[in-house]
Structures are given as structure tokens and as C-alpha cells.
Amino acid sequence: MTDGKNRKKVFVSLKLPEPLVEMLTRHFDVEVYEKDGLIPQELLCEKARTVDAIVATAWIAIPREVIACAGPNLKAIVNFGVGYNNIDVAAATEKKILVTNTPDVLTDATATFAWCLMLSAARRIGEGERLVRTGKPWHLTPCDFWGCDITGRTLGVVGTGRIGTSFAMKSRGFDMKVLYHDVVDNTTLDRELGARRVDMETLLKESDFISLHVPYIPATHHLIDARAFEIMKPTTVLVNSSRGPVVDEVALAHALKTGQIWGAGIDVYENEPVVNPALFELENIVMTPHVASASPESRQGMARLAAECCIAALNGERPSAVVNPEVLN
Ligand code: 8YV
């Protein structure tokens, strides 16, 4: 029931953009955890016992222990984000709880941001900005601040789902040779860019720029480790806008410090929001705080889609983005 006293209850575990709460409030009783900082796990458990749906996001963990607390009403865990490694989907499926996410609406913003990181790292934007912001006089010299050329170079894309494909397609203006690594051929990239699917080793060895667009699953944990950095060219720029633990952060710091690679553009970290302090000392890394999808169209689209999925799930309809459709059978 969605009217009167028996309105279903939705718990939103952090402040999220509109129109999420606005849309949910038309149907349900909505409570938002408004405090700064992460919601304590005990409170999530307490809410799981009574509510009909929980809304979460990348950095709100919903492990098996929280799902174990679920009361008979909990029908959906709605993730604000496309990646859902924060949720124990197997545990949710066992309890017949639907998990939904927000694909597509953030593809362009995220792929664009990966380019921002790549261009910034390649052309030393962060370093230049830091220098200007000191307010101290600096010398105009043609001999400093050389970055990497991009046009005509080789781009290596790891993971060519929606975001990886969009990222690769944006290379057209730079006339790049495109290599990609994935478990299947990407016919769009093959046809449109003459791209080549290669094994990981070849991609690491031949690419001037490497951008990661894989989900975080056991097989992608430390996909980029010390050995991968050894294979890369000393002129390579690495970009990560996927999930932090895909890259071994200690190995990354070592590779940047010792010149194993040339630079990096990083939006995600192994232990967010904590960042390995070794990275702070390095000039050849551009770092942003997990904001690749942060554009108005993208974040409002995510809010709308998350609300639509929640409404559908609680009304017994099929949400348009379900992670575990087997629950519906
Ligand atoms: C967001 C993300 O930063 O979609 C994802 O998987 O990591 C990002 O879009 C996050 O969901 C915002 O809370």
C-alpha cells in the first residue's frame, strides 16, 4: 500500500540529489540520514529490520551482516551509482531482496571525466595550477612544463562496457590507435575506431595511456599491480575512474616515484576517503575525490533513475535497472 497510514518506508542512507527524495515522498514515508560522515553499520541494521527499501551508494557498505538483519518488509536495496560492489548481492538474492543500480545516465559524464584526468595528468595541469596558486613569481620559460603529446598515440582501454566504450569513442578527435582488453569483442570499437582487442600484457606493453573501466570483482582486485607497472612504458599515463582497489596504491606510488610510469590521473582510492599519503608528495599525479559522475545531468539522472527503481520495486513491478533479476522469478 502506498497511501494513508500504511505507507511503505524508505530509508536513504546519505544526503542525495533531487529529485530522489521528492519523487519517493510522493509514494512512501522517507527518512534521510542527514548527518555528516558515514552512517554507522548498527543504524543500517536497525533500519533494515523495519523499512521496505534502503537507498545506498558506492561508499555505503551493505555487507551480509546488514542484510542478515533484514526484516520481512525489506524488498529492495537501491544503489545510487552504477557500480554495486558495496553491496553483498549474493546475500540479498538469498533473501529475495532486489538490488538496483543507475547505469547509462552517468556514462557520458564519467567517460568525459576520465578524459579530464588523462589530459590533466598528461599536460601537468595540477602541477602548473599548484605553482600559480603559490602566488610567487614564476619564470616564463620554454624549457619547463613539457607534458606528453596525445594526438596519434596509443590508448589502452581496460574494460569496454558502457563507460569504457564511451571513453574510447571520445579518442576520435585525437586520432589515436586504440587497444582494448575485455572478455568479449567490442564490435562498436572495432568498426568505428579500428580498435584491437588484445591480452592484458600487450595492452600494458604498448599503450601510452591506459584507462581503467572495469567493475570491482575478485578478478579485478589489484589488476594493476607492481608487475603491471614493470611492463608499462616509462612514458605511460594511467587513469583510474573505476574502483580504487583495481590498482595497488602502494605499487602506484612506487611506480610514479621511481619513474616506472610517467603520470597518473586518479579519482578512486583503495580505502576511500583515506588516500595513501605517499601519493601526496608526488607531482606527477592528478587526484580528485571520487567525482567522475558529478555533473548536473548525470547526478540528477541517477537520482531520478534510483527513485524510479525504488518505486517500481515496492509496487511489485520490474525496475528498469536490476542487478539480480533472479529475485523476480
Ligand atoms: C558515484 C560511482 O560517485 O556510479 C558509480 O559506481 O562510483 C559514482 O557514480 C557515486 O555513486 C556517488 O555517490
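In this predicted model, aspartate 104 is exposed, with a relative accessible area of 52%, a value that counts as exposed because the term applies over 50%. Aspartate 104 is placed in the loop between E5 and H5, and its phi is positive, about 70°, although it is not a glycine. A comparable description can be given for lysine 96, which is found in the loop between helix H4 (89-94) and strand E5 (98-100). Lysine 96 is likewise not a glycine, yet it has a positive phi of about 60°, and at 53% relative accessibility it counts as exposed.

The loop that holds aspartate 104 leads to helix H5, which covers residues 107-122. With 16 residues at 1.5 Å a residue, H5 should span 22 Å, and the distance of 23 Å between its end C-alpha atoms agrees with this expectation; the expected figure is lower than a plain product of the two numbers because the span is taken as 1.5 Å times one less than the number of residues. The helix is mostly covered, since 12 of its 16 residues are buried, among them Phe113, Trp115, Leu117 and Met118. Several alanines of H5 also belong to the buried set, including Ala109, Ala111, Ala114, Ala121 and Ala122. Just after H5, arginine 124 takes a positive phi of about 60°. Helix H12 (296-314) passes the same kind of check: its 19 residues should span 27 Å at 1.5 Å a residue, and its end C-alpha atoms are 27 Å apart, which agrees. H12 is followed by glycine 316, whose phi is positive, near 75°.

Turning to the strands, 7 of them form an open sheet with parallel pairing, in the order E8-E7-E6-E9-E10-E11-E12. Its edge strands are E8 (196-197) and E12 (285-287), each of which pairs on one side only. Within this order, strand E6 (residues 154-158) and E9 pair in the parallel sense over 4 bridges, while E6 and strand E7 (residues 177-181) pair in the parallel sense over 5 bridges. Valine 158 illustrates both pairings, as its bridge partner in E9 is leucine 212 and it stands opposite histidine 181 in E7. On the other side of the pairing scheme, E9 is joined by 4 bridges to strand E10 (residues 237-240), and these two strands run parallel; here leucine 212 stands opposite asparagine 240. Between E9 and E10 the chain crosses through helix H10 (residues 226-231), and this β-α-β crossover is right-handed.

Strand E9 (residues 209-212) is covered on both of its faces, with Phe209 and Ser211 buried on one side and Ile210 and Leu212 buried on the other. In a regular strand the side chains alternate between the two faces of the sheet.

Open and closed spaces were also examined. The largest pocket has a volume of about 1200 Å³, and of the 50 residues that line it, Val82, Gly83, Ile163, Val214 and Pro215 are the closest to its centre. H5, helix H7 (162-169) and H12 each supply at least two residues of this lining, with H7 giving the most, at 3 residues. By class, the lining of the largest pocket divides into 25 nonpolar, 18 polar and 7 charged residues. The second largest pocket has a volume of about 420 Å³, and of its 18 lining residues the closest to the centre are Trp59, Asn271, Glu272, Pro273 and His290. The lining of this second pocket comprises 10 nonpolar, 5 polar and 3 charged residues. The structure further holds 1 cavity of 30 Å³ or more, and the largest cavity has a volume of about 40 Å³. Its lining includes Asn240, the residue of E10 that stands opposite leucine 212, and its residues fall into 4 nonpolar, 2 polar and 2 charged.

Two prolines follow cis peptide bonds. Glutamate 272 and proline 273 are joined by a cis bond with omega of about 0°, and proline 273 is placed in the loop between strand E11 (263-266) and E12. The bond between glutamate 18 and proline 19 is also cis, with omega of about 15°, and proline 19 lies in the loop between strand E1 (9-12) and helix H1 (20-25). A further proline, proline 142, is found in the loop between helix H6 (125-133) and E6 and is exposed, with a relative accessible area of 68%.

How values were computed
Residues are numbered from 1 along each chain as its sequence is written. This is a predicted model: local features need pLDDT of at least 70, side-chain atom pairs count only at pLDDT 80 or more; totals for chains, interfaces and linings use all residues. Side-chain values use heavy atoms; hydrogens and water are left out. Buried means under 20% relative accessible area, exposed over 50%, partly exposed in between (1.4 Å probe, protein chains only). Two strands pair if DSSP finds at least two bridges between them. A crossover is right-handed if, with the strands pointing away from the viewer, the path from the first strand over the helix to the second runs clockwise. On a 1 Å grid over the protein atoms alone, a cavity is a set of points where a 1.4 Å probe fits but cannot get out, and a pocket is an open set with protein on both sides within 12 Å along at least five of seven lines; lining residues have an atom within 4 Å of a point. Grid points are joined across faces, edges and corners, and a volume is the space filled by probe spheres set on the points. Ala, Val, Leu, Ile, Met, Phe, Trp, Tyr, Cys and Pro count as nonpolar, Asp, Glu, Lys and Arg as charged, and the others, Gly among them, as polar.
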